[in-house]
Each structure stands twice: as structure tokens, then as C-alpha cells.
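Subject: Structure handover

Hello,

Here is the structure for you to load. My notes follow below it.

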Amino acid sequence: MRCHRIPRRPSDGLIASPYARVLRQGECEFVILSCQFCIGRLNRPPLVVDDEGRCGAKRLPSPPTHQMIDRSRDMPRHDGTIAIVTGAGHGIGRCIASQLAAEGAAVAVLEVDESRGRETVSQIVEADGRAVFVKADITDAAQVEAAISAAEAALGPANLLVNNAAFTDAGDLKGMKLESWHREIDVNLNGTYHCIRAIIPRMQERGGGAIVNIASVNGVRYFGNPSYSAAKAGVINLTMSVASEFGRDGIRCNAVCPGSVRTDNITWTIRQKKDPDIFQKLGRWYPLGRVAEPMDIARAVSFLGSDEAAYISGVALPVDGGMLAGMNVMIDEFILEA
Ligand SMILES: NC(=O)c1ccc[n+]([C@@H]2O[C@H](COP(=O)([O-])OP(=O)(O)OC[C@H]3O[C@@H](n4cnc5c(N)ncnc54)[C@H](O)[C@@H]3O)[C@@H](O)[C@H]2O)c1
């Protein structure tokens, strides 16, 4: 089977019709085509047309990806990406949504807090980006399904899902209330699963897509917050399950594991009230000498959600300034004692 390069832009002869059209036939057993959903996502597995020339659901075995990428340097990384970002009304999620939009994506801001979600949309639109707000509480599977349908009705079929929404009240096991345990597992793990469950059949039908889950270093080691940590460990394992089960459908699934990020979420607000210099002090635990900024996380998400990460799936990428690699504060003490 031979693989043909597909023209991308109208000037290159792109077929801008909503339906796929045959580009070239004859030399190969199958026909590779382009359609509006494939623009900018050309290293997705090629699709097969049906008799009417529509973009079909069947996929061909992928040729090596590098043969298919022909990305112009001046083309934004997320040109053609339609992203859904959960919890994008605040903090890291807002930064991820804004960054994806700045890189060319159309973004659905999926949020339980309507005023915050709409504020993110306004910010993106003011910056000449494309975004819509869709309301959902991710703990409710029916609301998630409806919100994803609404997002796709407004923007088109999603090819990137970022599971960012989360909650913690930062308790410990000794003082743990049963409701608190359930709530953290429900938002952080079950909520993430609800979104994945809703998007997968859609991505399967279209021949692929990317999912990026925001986990945490707490999912890998114990750093306090046991219920949150258990949920994030679950998110990391769920990431591997999705990557393994749906890779053949062209679906990639990865997680990022941030360390401490300078945000004003509930937990950090409480801690900052106790110690206004907390972020600066925490920096010494990180080999790079500082805590993360939301943009550090957004850049990693943008990469994992892009075609540049076309052969990366099932990883849990620490975005932690090297903290999981080694704790220099502790090592300094060992060396002093030696
Ligand atoms: N801030 C950090 O230091 C840090 C560190 C590691 C990982 N993380 C992870 O990064 C992500 C974002 O964290 P953040 O600090 O920006 O949090 P944040 O609290 O500032 O924002 C979370 C957003 O999710 C929304 N949300 C909460 N529950 C929801 C629900 N049930 N349905 C829909 N939306 C809901 C909130 O309204 C809020 O806008 C989370 O997954 C968090 O676990 C954060």
C-alpha cells in the first residue's frame, strides 16, 4: 500500500467540503482522503471513503507517522484542533484553554461554575480565539454527555479532550470524613471517567483523537491529601487502560503530573493565608528551584495533545521541575550526616 501526501490548505488544493473526497486513486489498494475534520491532523490514521465519498469510520493500518506529517513551520500547532477542556473556568484549566486557543484550537470550556467558565470564554474571544461555554458537573454522566454534544454542535467534532477539573479539601486519613473521601474520588476519578466514556465512541467513529488527563505527583508518591492522591493514582492507571484498549482506534491517552503549581485554588489560598511566602519556600524542594506556573502545565498539555506527540500514549509525564527524580533537600541532609 502506498501513502499519499494530502494537501492541507485551499492554496495547496485542499478540499474544503464538509465531506471527504477522493484525492487519488489507482496505485493503492485504499484511498486516502482529507475532510474538514482532518485538517491539521494529518498524521491521524488515514480514512477510507464509502461509496458516496464520505469520510468513513473504517481505518487503515497506519504507515509510519513521519511519512504523513508535512506541517508548515508557520502553521499553528493546534490548527484544526477542537478541544474540550474541563474545569477551564479557573487556574490551570483556564490557562490550558487559553494556550490551546492561542495555538489555533477551537475550545469548549466545560465548567460547573458558569460565571468563571464564561469569563474564560470572554478572555479567549477578546484575544481573537474561538471558544464556547458548556455547563456540566462532571460527577453527573448525563450532564457530561449533554455538554459534549452541545460543544460539538457549536464547534464540530472534538479531537482533543483535556480532563482538568478537580477538587480537594486536602484532609488527611486520621481526620477523614466519609463524605470527603467519596467526594474526592467522585470528582477527580469518576468525573474523569465520565468524560472519557462520553468522548471515546465519538473519537472511535472519527478514527482517533487525543486525551490528556491532569493527574498529579500525588498520584505517584505520598505528599498528603490521601483521597485526592488515591483518585489521581486512579487517573494515571485509567490513562494506561484507555491508551491500551483504544490505541488501535487511533486514540492516544496521556497524563501530566504537576507538582506544586502557583494558583489560587481553595487549598493554596488557605495555605497562603497561613504563610504568604509558601510558594517561594516550596521552591527549594524542586531541583529547578521554583514551583510551576500554570503555563508550564499548559505547554505540556498542548504538546501531548498535538500531532507532535503522535507516537506517545499511555505515559504519566511529571511536570514537576525534576522533583520526582530526586529530593535534593533530603540528599543534602544525607550528605551532611555522612
Ligand atoms: N494547583 C496545583 O498545585 C496542582 C498540582 C497538581 C495537580 N493539579 C491539578 O491541576 C488541575 C487544575 O487545578 P487548579 O489548581 O487549577 O484547580 P482550581 O480549583 O483552580 O480549578 C478547578 C476548576 O474545576 C472546576 N470544577 C471543580 N469541580 C468540578 C465539577 N464537578 N465539574 C466541572 N467542573 C468542576 C472548578 O469550578 C474550577 O474552575 C486539577 O486536576 C488539579 O488536581 C493542581
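The ligand comes first. It has 27 residues around it, and the closest are Gly87, His90, Gly91, Ala166 and Asn265. Helix 1 and helix 4 are the elements that give two or more residues to this shell. Helix 1 supplies the largest share, 3 residues. By type, the shell splits into 10 nonpolar, 13 polar and 4 charged residues.

Keep in mind that this is a predicted model. Mean pLDDT is 84, and 78% of the residues reach 70 or more. Two stretches fall below 50. One is residues 1-50, which still has 100 contacts in the model beyond near neighbours in sequence. The other is residues 55-70, with 36 such contacts.

Overall layout

The protein has 9 helices and 11 strands. Of its 338 residues, 43% are buried. Take the contacts between residues at least 6 apart in sequence: 68% of them join residues at least 24 apart.

The core

Nonpolar side chains tend to be buried together in soluble globular proteins. Here the largest nonpolar core holds 69 residues. Which of them touch the most other members? They are Ala83, Val85, Ile96, Val107 and Val256. Helix 4 (residues 178-206) gives the most to this core, with 7 residues.

Val85 deserves a look of its own. Leave aside its neighbours within four places in sequence. Val85 is then in contact with Gly93, Ile96, Ala97, Leu100, Val107, Val109, Leu110, Val162 and Asn164.

Strands 8 and 9

Val162 also appears in a strand pairing, where it stands opposite Val212 in strand 9. Strand 8 and strand 9 run parallel and are joined by 4 bridges. Strand 9 is largely enclosed by the rest of the structure, because 6 of its 6 residues are buried. In a regular strand, side chains alternate between the two faces of the sheet. Both faces of strand 9 are covered. Gly209, Ile211 and Asn213 are buried on one side, and Ala210, Val212 and Ile214 are buried on the other.

Helix 8

Why is helix 8 (residues 294-304) described as largely enclosed by the rest of the structure? Because 8 of its 11 residues are buried. They are Pro294, Asp296, Ile297, Ala298, Ala300, Val301, Ser302 and Leu304. These residues pack against helix 1 (91-102) and against four strands: strand 8 (160-163), strand 9 (209-214), strand 10 (251-258) and strand 11 (316-319).

Backbone points to check

Two residues other than glycine have a positive phi. Asp128 has a phi of about 70 degrees. Asp128 sits in the loop between helix 2 (114-126) and strand 7 (130-135). Is Asp128 buried or exposed? It has 8 C-beta neighbours inside 10 Å, so it counts as exposed.

Asn225 has a phi near 50 degrees. Asn225 lies in the loop between strand 9 and helix 5 (226-246). With 19 C-beta neighbours inside 10 Å, Asn225 counts as partly exposed. The cut-off for buried is 20 or more.

That is the set.

Best wishes

Definitions and conventions
Residues are numbered from 1 along each chain as its sequence is written. This is a predicted model: local features need pLDDT of at least 70, side-chain atom pairs count only at pLDDT 80 or more; totals for chains, interfaces and linings use all residues. A residue is buried if 20 or more other C-beta atoms lie within 10 Å of its own, exposed if 12 or fewer, and partly exposed in between; C-beta atoms are placed from the backbone. Two residues are in contact if their C-beta atoms, placed from the backbone, lie within 7 Å. A nonpolar core is a set of buried Ala, Val, Leu, Ile, Met, Phe, Trp, Tyr and Cys residues joined through C-beta atoms within 7 Å. A residue is near a molecule or strand if its C-beta atom, placed from the backbone, lies within 6 Å of it. Ala, Val, Leu, Ile, Met, Phe, Trp, Tyr, Cys and Pro count as nonpolar, Asp, Glu, Lys and Arg as charged, and the others, Gly among them, as polar. pLDDT is the predictor's confidence in each residue, from 0 to 100. Two strands pair if DSSP finds at least two bridges between them.
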